[in-house]
Each structure stands twice: as C-alpha cells, then as structure tokens.
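Grab a pencil and keep a viewer open. Below are some exercises, each with a solution worked through step by step.

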Amino acid sequence: MANPPKKKVFYQIDEVCERLGLSLLDMSVLVSERKIQLCTAVAGLLVEDGHHEVALDGDAAPIPDSRLRVQGLVDLKPDDAWFVLRHGSQTIFWLAAEPGCYRRLVSTSEEDRGYTVIRDEVGVRHEELARFAAAEEALDSNALGPKAGGRSSQPIYDWDAARLEACRLIYFEGVPDSFGALIRHVQGWFAEKGGRVPDESTMKRRLRDVWAIFGSEAKRKAA
C-alpha cells in the first residue's frame, strides 16, 4: 500500500505568486510592507542568537545568548527578502528574529562571510501562506460594508455571478492568454452591469483559485 503524501510545508515564490494571483512586483511590495514573511532553507548554518539590552543613555547593546547550527527553514529579514525578489540574489548577514532579539550569522573564516540567498530558493511556509490568505479574505469581507439593524447590508459586488462569468468565458470561449486578461474581462463584465468595478488587487484575490485550476491550460497553449 502506498504511503499517503506528506503535507506540503514550503511553497517556492513562483508558486506563491501563482496561488495568490500576484506578480513578483506585487509580492515584493507586500514583503517590504511586512505583510508576508519569506523564508529559505539552510543546512548547518552557524548563527548567534541574542537580545538587545537598553543602556541608561538609551542605546541598545547586543547581548549574545547562544550559538547554534540551524537546519531547515529560516525567516529572512524583510529588506533582504525584498532585495532577493527584485535583484535575484543577496548575501545576508542576519536572519529575522523576535522583537527585541537578533539572529546573526557567524563567520568562521574570510571565505565564510555571509550567506548567499537566490530567488529560486525563497518562498513561504504553509502556515504563513494560510495566515495571509485568511487575512485577505477578512479584508474582502470587511469591504462588503457595515451591518445595519443586526442584519448584513447588501454586498457591493456579486462575486458568485462574477465567478460564473469567468467559468462561462473559459468553457465557451477558451482559457484567456493570461490571468490579467481574465481579470480585464470580468472587470468589463462588471462595467456592463452598470455597477461599481472592483480594483485589480481585489479581482486577483477573488479569481486566483479559478486561475489556479485553468491557468495551466493557457501555459500549455502558449508553449
């Protein structure tokens, strides 16, 4: 009997962008705004963990607590993660740590200064992706407007009908060439209805699962 597949714990950045319906530039903005945490995998990286102690003059002095070799996924500092996304790679000297603490890479020789991270090796933990997706859904729910008299107000957008329109387009006219083309079509559909037209980021959140299912067909057609 075959073993059941293990739970996925890490998603590479390209997969994250595809799942969320975001471009690499969109993701770099979210990273710089500290709205999503990126990580990478390391093997036996020597680090120093410590905390910052505030002196009487107000300066914070780093106080080492321990040294250890870390394995597996480690969180990147937002500035480093942004640089990797925008430029392809970055040599890092620090890792993300809890507030008031630090995690510094320890150099053991002149040749062992810093650690180079490349874009293909960064991504998001499963738990972080789930947290971010839930936060985005909550944002969408709040956008529906306040409650009046204990009852929900009417939704601003008919998302069920919009998703049906996206599926109708794909079924009868074929998969659009890109996710952007699908979004533009549904935005046009909203405009024809005479109501408000959702912004692009909201459209991406609402239609990303539709594109996740059918988008691979667009790639196959373009090959």
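**Exercise 1. Work out how helices H2 and H3 run relative to each other.**

Start with the general recipe: two packed helices are described by the angle between their axes and the distance between the axes. Here, H2 covers residues 24-32 and H3 covers residues 78-87, and they pack at about 170° with axes 9 Å apart. Helices are DSSP runs of H or I with at least four residues, strands are runs of E with at least two, and both are numbered from the N terminus. The axes are lines fitted to C-alpha atoms, for helices over the stretch in contact, and the angle between N-to-C directions can go from 0 to 180 degrees. Under 35 degrees is roughly parallel, over 145 roughly antiparallel, 65 to 115 roughly perpendicular, and the rest oblique. H2 and H3 are therefore roughly antiparallel.

Before going on, a word on the model: it is predicted, so local features need pLDDT of at least 70 and side-chain atom pairs count only at pLDDT 80 or more, while totals for chains, interfaces and linings use all residues. Residues are numbered from 1 along each chain as its sequence is written, and side-chain values use heavy atoms, with hydrogens and water left out.

**Exercise 2. List the residues where H2 meets H3, then sort them by class.**

Contact means heavy atoms within 4.5 Å. On the H2 side you should find Leu24, Leu25, Met27, Ser28, Val31 and Ser32, and on the H3 side Pro78, Ala81, Trp82, Leu85 and Arg86. Now sort: Ala, Val, Leu, Ile, Met, Phe, Trp, Tyr, Cys and Pro are nonpolar, Asp, Glu, Lys and Arg are charged, and the others, Gly among them, are polar. The tally is eight nonpolar, two polar and one charged.

**Exercise 3. Find the buried side of H3 and say what packs against it.**

Buried means under 20% relative accessible area, exposed over 50%, and partly exposed in between (1.4 Å probe, protein chains only). In H3 the buried residues are Pro78, Asp80, Ala81, Val84 and Leu85. They span an arc of only 165° around the axis, which puts them on the same side of H3; the arc is taken from the directions from the helix axis to the C-beta atoms. The face turned away from that side carries exposed Asp79 and His87. Packing against the buried residues of H3 are H1, H2 and strands E4 (89-92), E5 (94-95), E7 (115-118) and E8 (122-125). Just after H3 comes Gly88, with a positive phi near 100°.

**Exercise 4. Do the same for the buried residues of H1.**

H1 spans residues 13-20, and Ile13, Val16, Cys17 and Leu20 are buried there. Their arc is only 95° around the axis, which puts them on the same side of H1. The general rule helps: an α-helix has 3.6 residues a turn, so residues three or four places apart point the same way. Gly21 follows H1, and its phi is positive, near 70°.

**Exercise 5. Classify the Phe179–Trp211 and Trp189–Phe190 ring pairs.**

Rings of Phe, Tyr and Trp (its six-membered ring) pair if their centres lie within 6.5 Å; planes under 30 degrees apart are stacked, over 60 edge-to-face, and the rest tilted. The structure has seven aromatic pairs. Phe179 and Trp211 sit 5.7 Å apart centre to centre, with 20° between planes, so they're stacked. Phe179 is in H6 (residues 179-192) and Trp211 in H7 (residues 200-222), so this pair ties together parts 32 residues apart in sequence. Both Phe179 and Trp211 are buried. For Trp189 and Phe190, the values are 5.1 Å and 75°, making the pair edge-to-face. Both of these residues are buried too. Ring pairs also link Tyr157, Trp159, Trp189 and Phe190 into a cluster.

**Exercise 6. Decide whether Ile183, Val197 and Arg34 are buried, partly exposed or exposed.**

Ile183 is in H6, and its relative accessible area of 3% makes it buried. Leaving out residues up to four places away in sequence, Ile183 touches Glu200, Met203 and Lys204. Val197, in the loop between H6 and H7, is partly exposed at 38%. Arg34 lies in the loop between H2 and strand E2 (39-54), and at 56% counts as exposed. The phi of Arg34 is near 60°, a positive value in a residue other than glycine.
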